[in-house]
Amino acid sequence: MVLCLCFSNFFFFFFCSMEYQVIPVKRFDEVIEHLRQNFFADEPLNKAVNLCKRGEGHKYLEEHSLKTLEANLSVMAVSDANEIAGVVLNGILRPGDLQAAKKKLQTKDDEKYRKIFQLLYDHNLQTDIFEYFKIDKAFDMSILSVDEKFRGKGIAKHLVENSESLAKKHGFKLLKADATGVFSQKIFKSAGFEVLHEQYYNKYVDNDNEIILPVESPHIKLQLLYKRLD
């Protein structure tokens, strides 16, 4: 059973000994450090191009993460010792945002970063979700990360579930996620997400037919997933 307590802008969710809450500004730095130790190194696309080593920061990834955190829709799992066990970074996606982000991407001086986000933006732009679903905004679940020592305890699943509750409270009609690996894909599908379209990594090639992002097994494809909220 999950107990949800609401206090103004804060939501607290309790499951066993783990507490789930909207990430406050005062913990943004801790979230970034969590991502440096976990997501930045483990995420399949980052790993494919060796974007950064565990514990290292990355200017553009951190800028992207902080911008998402500022939407005040992200959720963290906190242990009894007040340690961040996992996070899901949620933002708001509106018409024109992807086109603007893709244009801005060309100003970045990191080729590896550009390769990753070129794929993500191109894949998203295959379908105009705003026209397709008749919406004016989407709840964008952009980063899902659990500390290695807390994995296998269902934390990611509860982060997604608590994010869905938050999205409903704020009036969103659609959840959207880009899942780059098999583990996140399983989690989102178990939460009722469906696949809108997908891109196999071995089919994403350059003009010389070379694979652009040599992602390691068991991760074989990128999936754009969604869930309607009625």
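1. A good place to start is burial: 51% of the 230 residues in the protein chain are buried (under 20% relative accessible area, against over 50% for exposed and in between for partly exposed, with a 1.4 Å probe and protein chains only). Please keep in mind that this is a predicted model, in which local features need pLDDT of at least 70 and side-chain atom pairs count only at pLDDT 80 or more, while totals for chains, interfaces and linings use all residues. Residues are numbered from 1 along each chain as its sequence is written, and side-chain values use heavy atoms, without hydrogens or water.

2. On the overall fold, the protein chain holds nine helices and nine strands (DSSP runs numbered from the N terminus, H or I of at least four residues for helices and E of at least two for strands). Its radius of gyration is 17 Å, close to the 17 Å of the globule rule for 230 residues, so the chain is as compact as a globular protein of that length. That radius is taken over C-alpha atoms, and the rule is 2.2 Å times the number of residues to the power 0.38. The C-alpha trace spans about 55 × 40 × 30 Å along its principal axes.

3. Contacts (heavy atoms within 4.5 Å) reach far along the sequence: of those in the protein chain with a separation of 6 or more, 69% join residues 24 or more positions apart.

4. Now the surface. About 11800 Å² of the protein chain is exposed, and carbon and sulfur atoms supply 49% of this area (Shrake-Rupley method, 1.4 Å probe). The 32 positive and 33 negative charges have mean positions 3 Å apart; Lys and Arg count as positive, Asp and Glu as negative, and His and the chain ends are not counted.

5. Helix α9 (residues 182-190) deserves a look. Its buried residues include Val182, Ser184, Gln185 and Phe188. They cover an arc of only 160° around the axis, which puts them on the same side of α9 (the arc is that of the directions from the helix axis to the C-beta atoms). Exposed Phe183, Lys186 and Ser190 sit on the face turned away from that buried side. Among the elements covering the buried residues of α9 are β6 (138-146), α8 (155-169), β7 (174-179) and β9 (221-228). After α9 comes Gly192, with a positive phi near 95°.

6. Strand β7 contains Ala179, which is buried at a relative accessible area of 0%. Beyond its neighbours within four places in sequence, Ala179 contacts Ser184, Gln185, Phe188, Lys221, Leu222, Gln223 and Leu225. Ala179 and Glu43 are 136 residues apart in sequence, yet 9.9 Å apart in space, C-alpha to C-alpha.

7. In strand β8 (residues 194-200) we find Gln199, buried with a relative accessible area of 17%. Neighbours within four places aside, Gln199 touches Leu119, His123, Tyr204, Ile220, Lys221 and Leu222.

8. Finally, some backbone details to check. Most residues other than glycine have a negative phi, and most peptide bonds are trans. The Ser217 to Pro218 bond is cis, with omega near 15°, and Pro218 lies in the loop between β8 and β9. Asn209, in the loop between β8 and β9, has a positive phi near 65° and is exposed at 58% relative accessible area. Asn50 also has a positive phi, about 55°; Asn50 belongs to the loop between α3 (44-48) and α4 (59-69) and is partly exposed, with a relative accessible area of 44%.

Methods. The place of a charge is taken as NZ of Lys, CZ of Arg, CG of Asp or CD of Glu.
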